[in-house]
Amino acid sequence: MRVLDLRNLLGEARRIVHSHAGELPGEYHRILMPGPDKSIKTGVTAYGCADAACILYTLGELPSGGAEREAWIRAIRSFQNPETGLFEDGSHHEIHTTAFALAALDLFDARAAHPLRALHPLRERRQLEGFLESLQWQREPWLDSHLGAGIYSALVLNREVSLEWEDWYFAWLWENEDPQTGFWRRGAVVPLSDPGSPVPLFHYLGGSFHYLFNIVHARRRQRYPERAVDTCLEIWEGGHQPLYGEPFCRGVSYAEIDWAFYLNRSVRQCGYRFEESRAAMEAAARRYVGALERIDYRSDPAFNDLHKLFGMVCALSELQLALPGQLATERPLRQVLDRRPYI
């Protein structure tokens, strides 16, 4: 595989981040111009601030001390509701926003200013398991994973649960990992051969990715990593068919980090089908970078959305990690998920 030079692409990403800066340090606009999705606000937002921090951390350019660091922390903390403890933005469920904001604060070795009071009932085991059981595992596995994974990330990052609580959480995931696909949850993932599946197979992967990065963060084990490798390779090989779902590696999105992380980290756990997995990730990297090089960086709406742009940068960092020496950057990209959970 020829070396893929990412320097120009990442330079454009850096330029977009700086162009979205607000009046004060640490303040960032997620988008600059209104778009069709009315839930995404213009102006300084929680996701604008958090995504800018995540992108600059990945590039190795995040301020680490002094007044600028304190300004970033104030900017992100300003979106927390002191009564509920949840962070608010309007574009995502409050649990997703809370976990994402806390994950950004962790890059500055900081936490929320107030306890996460709305999540405290979930610190009791029966409530935790009931919450996980209540998620729409079959019809909304991707969207609801923001909640099932977010409660773990938020409570752990804000140091509001014990190791015993983490054991309960991971025991539930262990018992409910699907032995056929290596995804979540057992009994909910409809076989690909079933045309009656309520969602494409990729939606189960996109949802399961959120639980996997919690497992990776906590240094826990997948129960069926070999099956996850099989399914990720099956998705790559049939990715253009409607039943598989997301047509990834065509532009700026989160689908690429979902697939690359799931395959790379599952292979790490078991070593199964290593060469085939490496070949698939090489092919994906070529297709992905080629697609990114063809877009108009100044007008592409996804490239100019800091939240989607972070998904792109995060995917490139995982591919660089999985393919040593094959993606060239000015300095090695950092993978935020190797520091803390949640994106």
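This briefing covers salt bridges, two helices, aromatic contacts and cysteines in one structure. The model is predicted, so local features need pLDDT of at least 70 and side-chain atom pairs count only at pLDDT 80 or more, while totals for chains, interfaces and linings use all residues. Residues are numbered from 1 along each chain as its sequence is written, and side-chain values use heavy atoms, with hydrogens and water left out. A search of the whole structure gives 17 salt bridges and 22 aromatic pairs, and the count of disulfides is 0.

**Salt bridges**

- Side chains of opposite charge can pair when their charged atoms come close.
- A salt bridge here is a side-chain nitrogen of Lys or Arg within 4 Å of a carboxyl oxygen of Asp or Glu.
- Glutamate 70 and arginine 69 form one of these, with their closest N and O atoms 2.5 Å apart.
- Burial is given by relative accessible area: buried is under 20%, exposed is over 50% and partly exposed is in between, using a 1.4 Å probe and protein chains only.
- Arginine 69 is buried at 18%, whereas glutamate 70 is partly exposed at 36%.
- Arginine 220 and aspartate 167 meet through their side chains in a salt bridge of 2.9 Å, N to O.
- Arginine 220 sits in the loop between α8 (201–217) and α9 (225–237) and aspartate 167 in helix α7 (residues 163–176), so this pair ties together parts that are 53 residues apart in sequence.
- Helices (H or I, at least four residues) and strands (E, at least two) are DSSP runs, numbered from the N terminus.
- Both partners are partly exposed: arginine 220 has a relative accessible area of 24%, and aspartate 167 has 35%.
- A salt bridge also joins aspartate 230 to arginine 273, where the closest N and O atoms are 2.8 Å apart.
- That pair links distant parts of the chain, 43 residues apart: aspartate 230 is in helix α9, and arginine 273 is in the loop between α10 (255–270) and α11 (274–293).
- Through shared partners, salt bridges connect Arg227, Asp230, Arg273 and Glu276 in one network.
- Within this network, arginine 273 is partly exposed, at 24% relative accessible area.

**Helices α1 and α10**

- Helix α1 (residues 7–19) has 13 residues and spans 18 Å from its first C-alpha to its last, close to the expected 18 Å.
- The expected span of a helix is 1.5 Å times one less than its number of residues.
- The buried residues of α1 include Leu9, Leu10, Ile16 and Val17, and also the charged-type side chains Glu12 and Arg14.
- These buried residues pack against α2 (46–58), α11 and α12 (306–322), with contact meaning heavy atoms within 4.5 Å.
- Helix α10 has 16 residues and reaches 23 Å between its first and last C-alpha, close to the 22 Å expected.
- Most of α10 is covered, as 13 of its 16 residues are buried.
- Glycine 271, just after α10, takes a positive phi of about 75°.

**Aromatic contacts**

- Rings of Phe, Tyr and Trp (its six-membered ring) pair if their centres lie within 6.5 Å; planes under 30 degrees apart are stacked, over 60 edge-to-face, and the rest tilted.
- Tyrosine 47 and phenylalanine 100 are stacked, because their ring centres are 5.3 Å apart and their planes lie at 25°.
- Tyrosine 47 is in helix α2 and phenylalanine 100 in helix α4 (residues 94–106), so the pair ties together parts 53 residues apart in sequence.
- Tyrosine 47 and phenylalanine 100 are both buried.
- Tyrosine 152 and phenylalanine 170 make an edge-to-face pair, 5.1 Å centre to centre with 65° between the planes.
- This pair ties helix α6 (residues 141–157), which holds tyrosine 152, to helix α7, which holds phenylalanine 170; the parts are 18 residues apart in sequence.
- Tyrosine 152 is buried, as is phenylalanine 170.
- A cluster linked by ring pairs contains Trp142, Phe202, Trp236, Phe248 and Trp259.
- Arginine 334 lies over the face of tyrosine 57, 5.0 Å from the ring centre; the rule requires NZ of Lys or CZ of Arg within 6 Å of the ring centre and within 35 degrees of the ring normal.

**Cysteines**

- A disulfide is a pair of cysteine sulfur atoms within 2.5 Å, and the count by this rule is 0.
- Cysteine 54 is in no disulfide, and its nearest cysteine sulfur, that of cysteine 314, is 8.2 Å away.
- Cysteine 54 is buried, with a relative accessible area of 0%.
- Cysteine 249 is also in no disulfide; the nearest cysteine sulfur belongs to cysteine 232, 12 Å away.
- Cysteine 249 is buried at 3% relative accessible area.
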